[in-house]
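Colleague: I'm new to this one and would like a close look at a single part. Could you take me through the open sheet and what packs around it?

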Amino acid sequence: MRAALLHAVGDDKLDIRDDVTLTPVGPTDVRVRIRATGVCHSDLSAMTGVLPQPVPLIPGHEGAGEVVEVGDHVSTVKPGDHVVISWRPACQECDLCLGGQPYLCMKYVIESFTKGNFRFGGDTTAFGMAGCGTWAEETVVPWQGAIKIDPEVPWEVAALIGCGITTGVGAAINTAKVRPGSTVAVIGCGGVGLSVIQGARVSGARTILAVDPLKSKHELAKKVGATHAVTPDEVPGALNELTGGSGFDYGFEVVGKSATIQSAWQVTRAGGDVIVVGAGAADDMVSISAFSLLFEGKNLLSSLYGEADVRHDFPYFANLYKAGQLDLETMISSRIRLADLNDAVAALKSGDVLRQIVVMD
């Protein structure tokens, strides 16, 4: 089958090849024919080493497809079902899972560094990003990583739910629990940032400020729910105009940089919530004074994968889409083929695109 392979961290080009095979389906595994997969900034972070991954690597973690085969012990899905791939499968047995934080479960994250689910060039092992590897025509995942979804949901939309939508909308709904009538600032208006905006809109926020240096993203931000959009240098004026200088109830950081985390802290009011959504580098340190951390009363929160329980949230977000509450078509900047992934990665580096979706033939 065809797949895009990264031989070494930092390589400029993916190796698009057609001799990739899968490991056999185990008793608790599901084999999925990928029908659509997103080109996410986290994929680029994996390719450059910001997000550590084993190599050789087949990137891709935001995908949806059709079940082809299931292991003998799998009862949750069957061949023909439409599923969304979860890149953070929960074992559903550990203390974190049982305690209501399945998005923090590490079982399959750890396994993904030692268990390669692909082969190429005969018998050379390749790993799937986050255990997924959706930049391939097919993949094998644990049954917990294949979540059944309404077949009426288009493949491209289902793929977006697998990462960007769940991460962003979940940050607003699950982590921040944005209150109706509140004020929100979102720093970074890529695919996940626009999803945060949509989550804030669905939650009933009265003011949503989108902040991004690229003015080309401002209209898109307003289309999906932002009430105002500015560049970073225009933030002080917007803060005074929209909050009287007191700051926003919620400040979302959706870039993954210490500087923008500090910016989110600065635009959030005393007693407000600062939510870190962007995936940053391990050596990028954030500095906040101990004095302000205590006396300003702000809550610094992280939102990994939108704090989602994907068994509930994937179908829930799909229903919001079907009800017209989530505008997911606007999130898709282009539809491409697997063979075009090198061009897609180059476009992603430029910062001018939202979500490119690979539609499999």
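Modeller: Here is a walk through the sheet, then the helices, then the core and a couple of single residues. Keep in mind that this is a predicted model.

Let's start with the sheet itself. Six strands make it up, and going across you meet them in the order β14-β13-β12-β15-β16-β17. The pairing is parallel, and the sheet is open. Its edges are β14, covering 228–230, and β17, covering 299–302, and each of these pairs on one side only. As you step from one strand to the next, the twist averages 20°.

Now zoom in on β15, which runs over residues 248–253. How covered is this strand? Mostly: six of its six residues are buried. On one side, β15 pairs with β12 (residues 183–187), in the parallel sense and over four bridges. If you want a spot to click on there, Ala185 stands opposite Gly251 in β15. β15 also pairs with β16 (residues 268–276), again in the parallel sense, this time over five bridges. Along that seam, Tyr250 stands opposite Asp273 in β16, and Phe252 has Ile275 as its bridge partner.

Next, a helix that lies on these strands. Helix α8, residues 235–243, lies across β13 (207–211), β14 and β15. Compared with β13, helix α8 runs at about 180°.

Two other helices are worth a look as a pair. Helix α5 takes in residues 164–176 and helix α6 takes in residues 191–203; their axes are 7 Å apart. They pack at an angle of about 40°, so α5 and α6 are oblique to each other. Their crossing is right-handed. Which residues do the meeting? From α5 they include Gly164, Ile165, Gly168 and Ala172, and from α6 they include Val192, Ser195, Gly199 and Ser203.

Thr167 is a handy residue to follow here, since you'll find it in α5. Is Thr167 buried or exposed? Thr167 has a relative accessible area of 8%, and under 20% counts as buried, so Thr167 is buried. Leaving out residues up to four places away in sequence, Thr167 touches Val192, Val277, Tyr305 and Gly306.

That brings us to the nonpolar core. The largest one has 94 residues, and the members that touch the most others are Trp135, Ile165, Val184, Ile197, Phe252, Leu328 and Leu341. Some of these names fit what we've just seen: Ile165 is one of the α5 residues that meet α6, and Phe252 is the residue partnered with Ile275 in β16. Take Ile197 as well. Setting aside neighbours within four places in sequence, Ile197 is in contact with Val186, Cys189, Ile208, Ala210, Ala221, Val224, Gly225 and Ala226. There is also a second, separate core of 14 residues, and among its members are Leu209, Val235, Ala238 and Val267.

For a change of scene, look at Glu66, in strand β6 (residues 63–70). Glu66 is partly exposed, with a relative accessible area of 22%. Not counting residues up to four places away in sequence, Glu66 touches Arg31, Val32, Arg33, Arg35, Gly80, Asp81 and Trp155. Pro79 is 13 residues from Glu66 in sequence, and their C-alpha atoms are 7.4 Å apart in space.

Terms used. Residues numbered from 1 in each chain as written. Predicted model: local features only at pLDDT ≥ 70, side-chain atom pairs only at ≥ 80, totals over all residues. Heavy atoms only, no water. Core = buried A, V, L, I, M, F, W, Y, C linked by side-chain atoms within 4.5 Å. Buried < 20%, exposed > 50% of the residue type's maximum accessible area, 1.4 Å probe, protein only. Contact = heavy atoms within 4.5 Å. Pairing = 2+ DSSP bridges. Axes fitted to C-alpha atoms, helices over the stretch in contact; angles between N-to-C directions. Parallel < 35°, antiparallel > 145°, perpendicular 65-115°, else oblique. Left-handed = near helix turned anticlockwise from the far one by under 90°.
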